[in-house]
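This report introduces a single protein chain to a reader who has not met it before. Please look over the sequence and the model first, then read on.

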Amino acid sequence: MVFCKESVTRPPLGAAYCLALVMNNSVVRIQWLTHTIADLLGGAVAAQLFHVAATYFETDPSIAARKQPDVHSMHIEYLHPCELLDCIVTVTPLRVGAIASSIQLHLTQNDKLKVVALATSTNFG
């Protein structure tokens, strides 16, 4: 389970909370708070990467102008296990098209690349 909240006293057993999600110039900083989890599991990381991609598709001026707010697909490669540390997600636009757009996401912790993801947007509406 992954939640994004401003302040949490104690998360439920097995839950991971995203305390801060700040997007600034295609760089996202994520702070984690967990309860009895040694490493961040793939589902928690994937949920945050999906959230970053969806937020980027909705807020990037070039993609928003083409009305492509929906995440169509996402491919994630886990290069190294993620730890309970702050992480930085860097978003790089690869292609902005008329029907679909693609971005690349790099998740780093302590200046070490941990996860690479590709996301494609479209309009399901």
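## Overall architecture

The chain contains two helices and nine strands. From its start to its end, these elements follow the order β-β-β-β-α-α-β-β-β-β-β. The structure is a predicted model, and its residues are numbered from 1 along the chain.

The chain has 125 residues, of which 36% count as buried. It exposes about 7000 Å², and 55% of that area is supplied by carbon and sulfur atoms. When contacts between residues at least 6 apart in sequence are considered, 54% of them join residues at least 24 apart.

## Confidence of the prediction

The mean pLDDT of the chain is 76, and a value of 70 or more is reached by 68% of the residues. Over residues 1-17, pLDDT stays under 50. For this stretch the model has 45 contacts beyond four places in sequence. As a general caution, predicted coordinates should not be read in detail where pLDDT is low.

## Strand pairing around β9

Strand β9, which spans residues 112-122, pairs with strand β5, residues 70-78, in the antiparallel sense. This pairing runs over eight bridges. Within it, Glu-77 has Val-116 of β9 as its bridge partner.

Strand β8, residues 101-109, also pairs with β9 in the antiparallel sense, here over nine bridges. Val-116 of β9 appears again in this pairing, as the bridge partner of His-106. Val-116 is therefore a bridge partner of both Glu-77 and His-106. In a regular strand, side chains alternate between the two faces of the sheet.

β8 and β9 form a hairpin, with two residues between them. In the turn, Asn-110 has a positive phi of about 50°.

## Cysteines

How many disulfides does the structure hold? The number is zero. Cys-82 is in no disulfide, and the nearest cysteine sulfur, that of Cys-87, is 6.8 Å away. Likewise, Cys-87 is in no disulfide, with the sulfur of Cys-82 as its nearest cysteine sulfur at 6.8 Å. A disulfide is counted here when two cysteine sulfur atoms lie within 2.5 Å, so the pair does not qualify.

Are these two cysteines buried or exposed? Cys-82 is buried, with a relative accessible area of 4%. Cys-87 counts as buried too, at 2% relative accessibility. Both values fall under the 20% limit that defines a buried residue.

Key:
Predicted model: local features only at pLDDT ≥ 70, side-chain atom pairs only at ≥ 80, totals over all residues. Heavy atoms only, no water. Helix = DSSP H or I, 4+ residues; strand = E, 2+ residues; numbered from the N terminus. Buried < 20%, exposed > 50% of the residue type's maximum accessible area, 1.4 Å probe, protein only. Contact = heavy atoms within 4.5 Å. Areas by Shrake-Rupley, 256 points an atom, 1.4 Å probe, with all protein chains shown as cover. pLDDT = per-residue confidence, 0-100. Pairing = 2+ DSSP bridges.
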